[in-house]
Amino acid sequence: MNAFPNATVVNHPLVQHKLTLLRRKEVSTAEFRRLVRELSLLLCYEVTRDLPLEKVSIETPLEEMQAPLLAGKKLCFVSILRAGNGILDGMLDLVPSARVGHVGLYRDPETLVPVEYYLKLPDDVRERLVIVVDPMLATGHSAAAAVARLKEAGATQIKFVCLLTVPEGLQVMQEAHPDVMVYTCSVDRQLDDHGYIRPGLGDAGDRIYGTK
Ligand code: URA
């Protein structure tokens, strides 16, 4: 039995290969960013797998035919700042018409509770399939808080995309938001005492933006 019914691990060989390249400590900032973009594109392919299609009439150079097109399901990608922005580019390559929202949260050093410092969402978020992106679903507390905020804003259909997660983070998400499916490249072993995913890939924001 799957211990985490709320997780879809994308086991495609290209995804696993690129994830291995990404994890290596010697990867340059430019290469890291390029790999994140490519992985995001592949994760986007998976998270949009069940979008509804409708048949429309088109003409090829040879004849008329009924062909499938996306049935007008509107998407909104929501990035959890700042590392989530690294995932957006690949996603927008595949779905350029999607709207984009941003959520900024920091952890209060005393209470450890996530506090919102920024929120900007499209007005019609309640009508869209919302795909929340953050490279690392670690403790799960920021992710769960961000999803709660989106629900307060009216979002009803939400999915979560990350590069890596751990059982602890999936558990927190499952308890807080059992309706939200998490798409990831790997469920790693565990969180360490500093909240880092092990074996992980280090600090995703620092590696994307070269800040350390
Ligand atoms: N955030 C990161 O960037 N890396 C981790 O391992 C955990 C949280």
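Q: Strands are DSSP runs of E with at least two residues, helices are runs of H or I with at least four, and both are numbered from the N terminus; what do β5 and β6 form, and how many residues lie between them?
A: β5 and β6 form a hairpin with 6 residues between them. In the turn, Leu-112 has a positive phi of about 65°. The structure is a predicted model, in which local features need pLDDT of at least 70 and side-chain atom pairs pLDDT 80 or more, while totals for chains, interfaces and linings use all residues. Numbering starts from 1 along each chain as its sequence is written, and side-chain values use heavy atoms, without hydrogens and water.

Q: How do you know that β5 and β6 pair, and in which sense?
A: Two strands pair if DSSP finds at least two bridges between them. β5 and β6 (residues 114–120) have 6 bridges, in the antiparallel sense, so the pairing criterion is met. Within this pairing, His-102 has Lys-120 of β6 as its bridge partner.

Q: What makes β4 and β5 a pair?
A: β4 (residues 75–80) and β5 (residues 99–107) share 5 bridges and run in the parallel sense. Ile-80 is bridged to Val-103 in β5. Beyond β4, a cis peptide bond with omega of about -5° joins Leu-81 and Arg-82, and Arg-82 belongs to the loop between β4 and α3 (85–94).

Q: How many residues separate β2 and β3 in their hairpin?
A: The hairpin of β2 and β3 has 4 residues between its strands. β2 (residues 53–59) and β3 (residues 64–70) pair in the antiparallel sense over 7 bridges. Among the bridge partners in β3 are Gln-66, opposite Ser-57, and Glu-64, opposite Glu-59.

Q: Why are β8 and β12 called edge strands?
A: The open sheet has 3 strands in the order β8-β10-β12, with parallel pairing. β8 (136–137) and β12 (186–187) each pair on one side only. β10 (residues 164–165) and β12 have 2 bridges, so they pass the test for pairing. Leu-164 stands opposite Ser-186 in β12.

Q: Which residues are around the ligand?
A: They are Met-136, Ala-138, Gly-195, Tyr-196, Ile-197, Gly-202, Asp-203 and Ala-204, each with a heavy atom within 4 Å of the ligand. The shell divides into 5 nonpolar, 2 polar and 1 charged; Gly-195 and Gly-202 are in the shell, and Gly counts as polar, while Asp is charged and Met, Ala, Tyr and Ile are nonpolar.

Q: What makes the approach of Ile-197 to the ligand a polar contact?
A: A backbone N or O atom of Ile-197 is 2.7 Å from a ligand oxygen, so the pair meets the limit for N or O atoms, within 3.5 Å. A backbone N or O atom of Ala-204 also lies 2.7 Å from a ligand oxygen. A polar backbone atom of Gly-202 is 2.8 Å from a ligand nitrogen. The ligand alone exposes 240 Å², of which the protein buries 82% (Shrake-Rupley areas, 1.4 Å probe).

Q: Where does the ligand sit?
A: The ligand sits in the largest pocket, which means that more than half of its atoms lie within 2 Å of the pocket's grid points. A pocket is an open set on a 1 Å grid over the protein atoms alone, with protein on both sides within 12 Å along at least five of seven lines.

Q: Which peptide bond has omega near 0°?
A: The bond from Arg-198 to Pro-199 does, and it is cis. Pro-199 lies in the loop between β14 (197–198) and α6 (204–209).

Key:
A polar contact is a pair of N or O atoms within 3.5 Å; within protein, one must be able to donate a hydrogen and the other to accept it, and residues adjacent in sequence count only if both atoms are side-chain atoms. On a 1 Å grid over the protein atoms alone, a cavity is a set of points where a 1.4 Å probe fits but cannot get out, and a pocket is an open set with protein on both sides within 12 Å along at least five of seven lines; lining residues have an atom within 4 Å of a point.
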